[in-house]
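This report describes a single protein chain for a reader who has not met it before. Please look over the sequence and the model before reading on.

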Amino acid sequence: MASGDVLETFTLAGWGYGLLLADLIDEYLMQYYAMVSHGYTRGTWIAPESSYVNRTQQSPSFATPAGLISPLYLKWALVFEDPQSRTLWLGKATPPEWLSEGETVEMAEAPTAYGRVGLWIHSR
């Protein structure tokens with residue numbers, strides 16, 4: 001295995017969290033899209049420990065931490081807590097495509113350190 005040939009799905013939470021803290025939204029979304037498109041087993045939401053970029057090679061078996069990445073990234077995109085400034089961001093990394101004419105983005109009862117919050121955005 002050469003360097004850069006594998007997506008390590010189980011370690012991405014720290015990378016994504018850091019990207020949001022640094023306000024690198026485009027990079028965060030690119031990592032999220034790459035992970036859900038190429039990191040999970042194709043046609044399923046089963047998350048292997050890692051995935052070879054060369055999809056002809058079999059990925060290592062399932063890893064529970066990897067399975068948590070997609071829902072965690074989605075929650076952070078819509079509801080993110082900055083621990084340094086104690087700021088609660090709503091919609092901080094909402095993908096621009098989700099805000100197209102007539103689209104609705106909704107999250108209910110998202111847990112935060114400040115209690116549960118909801119978010120509803122309808123573009124028009």
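## Burial and overall make-up

A residue is called buried when its relative accessible area is under 20%, and exposed when that area is over 50%. The model is predicted. In the protein chain, which has 124 residues, buried residues make up 34%. The accessible surface of the chain comes to about 7,600 Å², and 57% of that surface belongs to carbon and sulfur atoms.

The protein chain contains four helices and six strands. Followed along the sequence, these elements come in the pattern β-α-α-β-α-α-β-β-β-β. Among the contacts in the chain with a separation of 6 or more, 51% are accounted for by residues 24 or more positions apart.

## Helix α4

Helix α4 covers residues 69-78. This helix is mostly covered, with seven of its 10 residues buried. The buried residues of α4 are I69, S70, Y73, K75, W76, A77 and L78. Several of them return below as partners of residues elsewhere in the chain.

## Aromatic pairs and Y32

The count of aromatic pairs comes to seven. In the pair formed by Y32 and Y73, the ring centres are 5.7 Å apart and the planes stand at 40 degrees, so the pair is tilted. Y32 belongs to helix α2 (residues 25-39) and Y73 to helix α4, so this pair ties together parts that are 41 residues apart in sequence. Ring pairs also link a cluster made up of Y17, Y28, Y32, Y33, Y73, W76 and F80.

Both Y32 and Y73 are buried. For Y32 the relative accessibility is 9%, which is why it counts as buried. Apart from neighbours within four places in sequence, Y32 is in contact with S70, Y73 and L74. The C-alpha atom of Y32 is separated by 9.6 Å from that of A77, a residue 45 positions away along the chain.

## The β3-β4 hairpin

Strand β3 (residues 79-82) and strand β4 run antiparallel and are joined by four bridges. D82 stands opposite T87 in β4. The two strands, β3 and β4, form a hairpin with four residues between them. R86, in the turn, has a positive phi of about 55 degrees.

A charged side chain and a ring also meet in this part of the sequence. K92 lies over the face of W89, at 4.5 Å from the ring centre.

## T94, in the loop after β4

Where does T94 lie? T94 is in the loop between β4 (87-90) and β5 (104-110). Is T94 buried or exposed? Its relative accessibility is 10%, and because this is under the cut-off of 20% T94 counts as buried.

Leaving out neighbours within four places in sequence, T94 is in contact with A77, L78, L99 and V105. Of these partners, A77 and L78 are among the buried residues of α4. A polar atom of the T94 side chain lies 3.2 Å from the backbone oxygen of G91. T94 and L29 are 65 residues apart along the chain, and their C-alpha atoms are separated by 8.6 Å.

## A110, in strand β5

A110 has its place in strand β5. With a relative accessibility of 3%, A110 counts as buried. Which residues does A110 touch, not counting those up to four places away in sequence? They are K75, V79, G115, R116 and V117.

K75 is one of the buried residues of α4. The C-alpha atoms of A110 and K75 are separated by 7.7 Å, although the two residues are 35 residues apart along the chain.

## Helix α4 and its partners

The residues described above can be read together through α4. Y32 is in contact with S70, Y73 and L74, T94 is in contact with A77 and L78, and A110 touches K75. Among these partners, S70, Y73, K75, A77 and L78 are buried residues of α4.

Conventions
Residues numbered from 1 in each chain as written. Predicted model: local features only at pLDDT ≥ 70, side-chain atom pairs only at ≥ 80, totals over all residues. Heavy atoms only, no water. Buried < 20%, exposed > 50% of the residue type's maximum accessible area, 1.4 Å probe, protein only. Contact = heavy atoms within 4.5 Å. Areas by Shrake-Rupley, 256 points an atom, 1.4 Å probe, with all protein chains shown as cover. Polar contact = N/O pair within 3.5 Å; in protein donor to acceptor, adjacent residues only side chain to side chain. Phe/Tyr/Trp six-rings, centres within 6.5 Å; stacked < 30°, edge-to-face > 60°. Lys NZ or Arg CZ within 6 Å of the ring centre and 35° of its normal. Pairing = 2+ DSSP bridges.
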